[in-house]
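This report walks through one structure in stages, from a single residue in a loop to the way helices and strands are arranged. Please keep the sequence and the 3D view at hand while reading.

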Amino acid sequence: MATTHHEVLSPAIDAPQTGSLDVYKIREDFPILKQKVNGKPLVYLDNAATSQKPQVVLDALSHYYTADNSNVHRGVHELSQRATKSYEDVRAKVQHFLNARESREIIYVRGTTEAINLVAMTHGRNNIGAGDEIIITAMEHHSNIVPWQLLCEEKGAVLRVAPINDNGELRLDELEKLINPRTKFVAVAHVSNALGTINPVRQIVELAHRANVPVLIDGAQAAPHIRIDVQALDCDFYTLSSHKIFGPTGVGVLYGKAALLEAMPPYQGGGDMISSVTFEKTLYNVIPYKFEAGTPNIAGVIGFGAGIDYVNRVGLEKIAAYEHELLTYATEQLATIPGLRIIGTAKEKAAVLSFVLEGVHPHDAGTILDQEGIAVRTGHHCAQPVMNRFGIPATTRASLAFYNTREEVDALVRGIKKVQEIFA
Amino acid sequence: MSDLHGLYQEVILDHNKKPHNFRAMAEANRRAEGFNRLCGDKVTIFLKMDGEQINDVSFQGSGCAISTASASILTDAVKGKTRAEAESLFQTFHDLVTGHDGGNGKKPQPAPLGKLAVFSGVSEYPARVKCASLAWHTLRNALQGSQELVSTETEEQIPGEIR
C-alpha cells in the first residue's frame, strides 16, 4: 500500500493548479468520489460533516475482519495478539499525530462528543462546584455546549460565553475579561464547524493557565486541516473524531495530560477498565485503560490508524496549503454572485464556506444543488447560537477537503446560479 | 430539470414570495406552534373557530419555500371548512406528500386535492416531506387544542404512525 501512495505523490510536484499536491491522483484513492448523483458527477462538499474514506482505510477494515478479528487485551491466542498489536499501534500513531508526550495520554472514545462528555462528567464533576464558572465561546458546536450545561445544572455552576465579532472571530479580549477566580474550566473549538474560524487556541491556553484554569480544545474540525501539537499548545485536553480525518465513524480520541487523567475517576465501569474486581473493592486499571470500559471499536481504531497514515503520507502541510488555495479561490468565486453573503469571514479560516442567498432558504438551495450532484449541508450545523448571533435561521455550507477541485467549486457556483434562476 | 420543476412549481414559488394570510391574528381562539429541528423551520397557526367551523385562519413563521407555500395554501384551503373537513384534507395532503395511497378502507373518503395538487412532487424528495407537512401537523394540533410544540421529527422517523 505504502508504495502506491509514494507513487501518487511523487509526480505531483509540478502539477500546475495544485502546488505540490496532485488532486486528480489523490481522488483516485477515494472510490466513493467516482459515482454520479442524480445523473451528475458527485461533488462532495460536506466534509465538515464527515470526510470520505480512502481505499487504504476500507482495506484496513476489511483486512481486520477477514484476517485478524478477535478481542483485544484478553486472549493469549494468535489472533487476539494480532488484534491487540494493531489496536495499540494506532495509539502510538495518534500520539505522534498530536505530538503527545506519552501514548497513555491517548484515550479511545466514540468521537469528539463522547470525549467532551467524558471530561465534563469526570474532571468536571470532581473540580467544578456551585457558583464556579465554565467559559466557552459563542461559536461552539452543540457538543461543546450541552455537556457543560448538564454539568452546570448538576452542580449549580455557571456557563459564561465569550462573544464573537461580525466576521465570526472570537473576541479574545472579552474572553480574557471573563476569566476570574471562579473560573474553573475553559472549553473552546479549535476550528468552528459553522464559520470555519480558526481560534487563537495557544493564546487562549496561555490566558487560562495564568489563572490556573485547564483548557479543553475541541479539535473535531481542526485535525483534518491543521498540524496539531498538544505540547506546544500546552492544552490540557484535546478531542477529535476519526471520521472527519478520513477514518471510520464511531472512533475518536481524547488527549489529556497524564496527571489530569490519573486524577480523574472512571467514566464508565466494565471490562478492561479494572485491574481487579471483588464484590468489596474494585481497583481501576491505569490510564488509558481506566477510561476504556468494554470491547472497543477495534476495527474502527485500526481503520483510523490507516487514515492517519494516509494523511501523513500526503502531508498535512501540503493539505493545509492546498486547501487554503482552494478556499481563496472559492471565496473569490462566491463573492462574484450577487445576493450571496458569506457568513464567517475570519482572517484565520479553514476551508468552510457558510453562506446565505437573498430570498432563498438554505433548505431549498440544498435540494436544488443536490439535483446537480452537489452535496452541501444546510441548516444550523448544530450551532444554533451561531445562527442566532448572525440573525439567520440557517446557512448553506460548503466545506472543502484536499480531494476537492477548482472544477468542483465552479460546479458549486453554477449550481448556486441555478438556484437563483429558479427563485428569481 | 423537469424534476425540479415538479417540486418548485410556479404556484409554490408565488406563495413563497407572497404568502396568503401571513399575519398574527389577535382574535384567534386557537393557536399552535410547529418547529422542524432539522432545518429550523418555524410556523405558528392561528385559528378563529366558531364551534366546529374555521371562520378564519392565518400563519406566521420562517422557513423554506416548500414549508412557507404549504402553510399559505393550507390557510386558503381550510378557511370556512369544518374541523372534520380539515382533518380529511390533512389526510389527503399527508398521503400526497408521503406517496402513500392511503387505501386501508377504514379511512374516510379522501377530500379532493384542489390546489394542494401542486405538492405532488414532494413525495419524490423524502428529505422535504417534513417541510411540506409541518404546517398541517401544526394545524391539526391547533384544531385539537393542544398547546404542545409540534415537531415533524418524530413522526417522520416512524413512517405510518401518523395515521
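## Two places in the loops

In chain A, the loop that connects β1 (36-37) with β2 (40-41) contains the residue N38(A). The model is a predicted one, and in it the phi angle of N38(A) is near 50°, which is a positive value in a residue other than glycine.

A second loop of chain A, the one between β12 (282-284) and α11 (298-314), holds P288(A). The peptide bond that leads from I287(A) to P288(A) is cis, and its omega is near 5°.

## The chain as a whole

Chain A is built with 15 helices and 17 strands. Along the principal axes, its C-alpha atoms fill a box of roughly 70 × 55 × 35 Å. For 424 residues, a compact globule would be expected to have a radius of gyration near 22 Å, and because chain A has 22 Å, the two agree.

## A sheet of four strands

Strands of a sheet pair through backbone hydrogen bonds, and they do so either parallel or antiparallel. In chain A, an open sheet of 4 strands follows the order β13-β14-β17-β16, and the pairing is antiparallel. The strands β13 (340-343) and β16 (377-379) of chain A stand at the edges with a single partner strand each, so one side of each has no neighbour in the sheet. From one strand to the next, the twist averages 30°.

Which residue of β14(A) is the bridge partner of L340(A)? The strands β13(A) and β14 (residues 352-357) of chain A run antiparallel and are joined by 4 bridges, and L340(A) has L357(A) as its bridge partner in β14(A).

## Helices beside the sheet

Helix α12 (residues 316-335) of chain A lies across β13 and β14 of chain A, and it runs at about 10° to β14(A). Two packed helices are described by the angle between their axes and by the distance between those axes. The axes of α12(A) and helix α15 (residues 406-422) of chain A come within 10 Å and cross at roughly 20°; angles under 35 degrees count as roughly parallel, and α12(A) and α15(A) are therefore roughly parallel to each other. Their crossing is right-handed. On the side of α12(A) the contact is made by L326(A), Y329(A), A330(A), Q333(A) and L334(A), and on the side of α15(A) by R406(A), V409(A) and V413(A). By class, the residues of this contact are 6 nonpolar, 1 polar and 1 charged.

Helix α15(A) also meets α13(A), where the axes come within 9 Å and cross at roughly 120°, and these two helices are therefore oblique to each other. The crossing of α13(A) with α15(A) is right-handed. Here A365(A), I368(A) and L369(A) of α13(A) make the contact with G415(A), K418(A), V419(A) and I422(A) of α15(A), and the residues divide into 5 nonpolar, 1 polar and 1 charged.

## Where chain A touches chain B

How many residues of chain A are in contact with chain B? There are 13 residues of chain A in contact with 15 residues of chain B. On the side of chain A that touches chain B, α13 (362-371) and β16 of chain A each supply at least two residues, and α13(A) gives the most, with 5 residues. Sorted by class, this side of chain A has 5 nonpolar, 7 polar and 1 charged residues.

Technical notes
Residues numbered from 1 in each chain as written. Chains lettered and ligands numbered in written order. Predicted model: local features only at pLDDT ≥ 70, side-chain atom pairs only at ≥ 80, totals over all residues. Pairing = 2+ DSSP bridges. Axes fitted to C-alpha atoms, helices over the stretch in contact; angles between N-to-C directions. Contact = placed C-beta atoms within 7 Å. Parallel < 35°, antiparallel > 145°, perpendicular 65-115°, else oblique. Left-handed = near helix turned anticlockwise from the far one by under 90°. Nonpolar A, V, L, I, M, F, W, Y, C, P; charged D, E, K, R; others polar. Rg over C-alpha atoms; globule rule 2.2 N^0.38 Å.
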